[in-house]
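Trainee: Before I use any of these terms, I would like to see what stands behind them.
Mentor: Then ask term by term, with the model in view.

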Amino acid sequence: MIYVHTANSSELLLKESEILRYAGYGTHVPDETELGRIQKIADEVLLSVAPRACCRILPVAVTPGMVDFGVFRAASGQLSKNLAGCKRVLLFSATVGAQVDRIIEKYSRVSPASAVIAQAVGTAAVESWCDLFVSSIGTSLQKEPAYLRPRFSPGYGDFALSHQREICQLLDTSRKIGVSLTDSLLMTPTKSVTAVAGISETDERCAQTGCEACNKQKECLYARG
Amino acid sequence: MNILEKIITDKVIFDGGMGTLLQSAGLPAGELPEQWGMTHPDKIIAVHESYLRAGSDVIAANTFGANILKFPGKAHGTPDLLTVVQNAVMCAQVAVGKVGGKKRYVALDIGPTGKLLKPLGDLDFEEAVRIFAETVKIGAACGVDLILIETMNDSLETKAAVIAAKENCDLPVLVSNTYDERGKLMTGADVDAMVAMLEGLRADAVGVNCGLGPDKLEKVVKRLTEVASVPVFAMPNAGLPAFDGEKTVYDVPPYDFAIKMAEFAQMGVHGFGGCCGTTPEYIEAVCFALQGAKVLPLTEKNRSVISSYTHSVEFGKTPVLIGERINPTGKKMLKVALRENNMDYILNEGLDQEAAGAHVLDVNAGLPEIDETKMLAQIVTSLQAVCDLPLQIDTTKPEAMEAALRAYNGKPMINSVCGKQESMDAVFPLAAKYGGLIVALTLDENGIPDTAEGRVAIAARIYEEASRYGISKKDIIVDPLAMTISADTRSAKVTLEAIRGIKALGGLTSLGVSNVSFGLPERNMVNTTFFSMALESGLDAAIMNPKAKGMMDAYFAYCALADKDPMCERFISYAAESETETAPKTERQELSKEEWLKSAIIKGLKDRAAQAAEAALETMDALSVINSCIVPALDTVGMGFEQKTTFLPQLLMSAESAKAAFDVLKQRMEKGANEKKLSVVIATVKGDIHDIGKNIVKVLLENYGFSVTDLGKDVPPEEIVRAVQDKNAQLCGLSALMTTTVPAMEETIRLLKETCPETKTVVGGAVLTQTYADAIGADFYAKDAMETVRYAEKLEEAL
């Protein structure tokens, strides 16, 4: 069964510091006037978002270096480490919709500075939506009890981007949430995410999450810290 | 009785969900249902049979995903599309034969391609038409009774499917979209917009399916019945399955589903079925609930509407403002932009008019020296990537009109037809095929009548001729032609009288208002007063300049005075907005003119930079302003960026401010006075649709005086090479965001080295590194936009 979840934009919690980081400010905080400009664009983008996500829960067989989802297999050392000990996974895709892309495109035609801000807000929005969605699934799973590991996306570390194709097909993303892949594996709308999260029977914290779990940390423009 | 006659007069029961039933019949996860059906026809027939026995009049063949993308044929390891469709239709026909009884209908089921169309995605519109056409041709040859286009969540893809169906068969075409909780498609269109477009394309029935249960679709269904003049059908899900830890099933049981469907019948729905999660049990319940129920008779809603990819604009209520600025007649800058294919200038012109309050934008690309057909369609597509106003397509060339009407996402205005037979013969077939609200000029073979009666008579003849094409009065808006009073002082009166005459016929009217003052001084004074008079005479739309304050003043004041603005709300908010910002005098007094401009650029204040540039020109010539203010300011910011004390958005705001100052100076400089010799071509490579990075590079290079040709995104290698050759470019900048598009970058560089060995290549983008750049043979790797500028400066020095 593929489940579909939606939310209102008002449910998304966007951190200003995240928007600034995605926009290329690093840890620098701009002055009031600039923050005002950023806020105005953030409001416009947020008004346009339509958060949707779809997911299914699949049995999984994890051996070192290989994850077998039944329907497809992924050779990835980092993913297998992330999912070690899990018998099931949550497979999901989430998006904040197409209108954000139109706003970004509009600004890239009239004001590149605003385009950079708009795309930063879009990224912060879809990240926040993923967090919200995953935590609501996590809460539901606690009834079993079962626990969710941090999410892991194709393209992170050695988990090949090409697995997006299989994930999108399994989740019927085009029909359920309007997300499709281009021939070169880009997701459209662009502010979309596909990911897996391990479900474990024991409540163990995964050692590494986020940027720290990725071997691209050094070359990544948006790595934390 | 064919299905069309039936759904117009009677209730029609469709079938329910297919996927769930096939899964319980053994369809493995991840396998395509159409492919599975090839080896399990008995299972498919059994599902159809169960729906027929439950009471379905129409069953959809197992062809939802049957297209050439998914079934390219044996060479690609899949069955042929032909056999897939033939097998699926045969299964449905066999089931009908087995069950017998009342007349049943087999639909060729057409679902989305699974790809998003350009500009949001990478599927070309004509390619989408071709994909759907293949399936339609096979299905029609198999003898299906109707085409059912369903689960479409994008308006443009829906249009591609309908055009493919209409062009390749004569069967009834029923079209159903998937709406979300906001009552919109996933790419933004609301019910009104979809109905406008689909009725324009002559869909035979419109509907909603999938996405939500009947409870949550009530508003959408109600709105469909309120605005559609064609029959409406509804095929909801059995609710929305959301994971809550338990084994969840769809949350609307058959009985509740059926009760809701009976309510839909009372609203005026004629077709009833189900989608995901619904089973024969649901259909049986629906039949039971509708037993003996009569459908409401269809009513002609008589709405004059146009639409964009998000919303509709209705005529005949509040007067509609059509922005006239994207028309080269008398506009020097726009002519240059059209010749140079400067799409940014044209889009800005559109966005400015939107900000000024236009409801519709006129688009005209009529310049003798350019390919109007190509350009008009390109402007339509580009505008529709960034601006959600409906467009008025304005051309005298039928082939340009058709290309633009095809590409248009929604139902546009068509500008124009006139009373000449030749004109009507050319325009009406296009309008009948693609839909549109047609502007009809009251002139014919004998010219423009100088009486109101003469013009009204031409309007009546146009209505009559249009009706032969099935185009009704509601889709024609008559322009009785404003002629200048400087030639004949009676002419304004004649035009106003003609407006009243056409209104008396029950028609709509539009005017190009400003013609009335041609040849007079202080034209704005005359235009605004004439505009008010025309509005009072019943004018429904005006082609005008929304940036002309007097016209907007007159418009908002008229609407308030004519009781077309409840609580004067729009007037009050317009009045509040038009209070202009005062210039920052204190700052200006404290700083010298040079410092003022420099500081405006460094602080990234666009408007102020333009003002300061004006002020600087009072005492300096343009070149000195550039050399003593703009260049030093840009250097300060650029160095700050390199030393990481200035950040990307700040660098860009300064760049935009410098550009605003340049725009002021340009008008006082000889063309090319400040331009560098180095010519640069930039593009985002094929397969990549992200272009913020490339746009940043462009604005910075332009700031530093380089001439930049921007080819946009997703550009094939051959096109880049051609541009480099045409422009004799010494530098080519390429951008790629993803590992998957780097091969396209490599291919481009290889081709460039082969054909233009003198041209240097610079590459950048999130995924690139020095190692990567070396590996694909790039001459230079720029880690950010400033590095590209520095590299270009180095090449410039060497020239």
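What follows is a conversation about how the terms apply to this model.

Mentor: This is a predicted model, in which local features need pLDDT of at least 70 and side-chain atom pairs count only at pLDDT 80 or more, while totals for chains, interfaces and linings use all residues. Residues are numbered from 1 along each chain as its sequence is written, and chains are lettered from A and ligands numbered from 1 in the order in which they are written.

Trainee: Why is Asp488(B) called exposed?
Mentor: A residue is exposed if 12 or fewer other C-beta atoms lie within 10 Å of its own, buried if 20 or more do, and partly exposed in between, with C-beta atoms placed from the backbone. Asp488(B) has 12 such atoms within 10 Å, so it is exposed. Its place is in the loop between β16 (476-479) and α18 (491-504) of chain B. Helices (H or I, at least four residues) and strands (E, at least two) are DSSP runs, numbered from the N terminus.

Trainee: What makes α27(B) largely enclosed by the rest of the structure?
Mentor: Of its 12 residues, 11 are buried, so the conclusion follows. Among the buried ones are Ile692(B), Val697(B) and Asn703(B).

Trainee: How does the span of α27(B) compare with the one expected?
Mentor: The expected span is 1.5 Å times one less than the number of residues. For the 12 residues of α27(B) that gives 16 Å, and the distance from first C-alpha to last is 17 Å, close to the expected value. After the helix comes Gly705(B), with a positive phi near 85°.

Trainee: What makes β22(B) and β23(B) a pair?
Mentor: Two strands pair if DSSP finds at least two bridges between them. Two bridges join β22 (residues 760-764) to β23 in chain B, and the strands run parallel. Val763(B) has Tyr781(B) as its bridge partner in β23(B).

Trainee: Why are β20(B) and β23(B) said to stand at the edges?
Mentor: The open sheet has five strands, in the order β20-β19-β21-β22-β23 of chain B, with parallel pairing. β20 (707-710) and β23 (780-781) have a single partner strand each, so one side of each is left without a neighbour in the sheet.

Trainee: Which helix lies across β19, β20 and β21 of chain B, and at what angle to β19(B)?
Mentor: That is α28(B) (residues 717-727), running at about 165° to β19(B). Axes are lines fitted to C-alpha atoms, for helices over the stretch in contact, and angles run from 0 to 180 degrees between N-to-C directions.

Trainee: What is the handedness of the crossover from β12(B) to β13(B)?
Mentor: Three bridges join β12(B) to β13 (residues 391-394) of chain B, in parallel. The chain crosses through helix α14 (residues 372-386) of chain B, and this β-α-β crossover is right-handed. The word applies if, with the strands pointing away from the viewer, the path from the first strand over the helix to the second runs clockwise.

Trainee: How many residues does each chain bring to the contact?
Mentor: Chain A brings 52 residues and chain B 50; two residues are in contact if their C-beta atoms, placed from the backbone, lie within 7 Å. On the side of chain A that touches chain B, α5(A) gives the most, with nine residues. The residues of that side divide into 23 nonpolar, 19 polar and 10 charged. Ala, Val, Leu, Ile, Met, Phe, Trp, Tyr, Cys and Pro count as nonpolar, Asp, Glu, Lys and Arg as charged, and the others, Gly among them, as polar.
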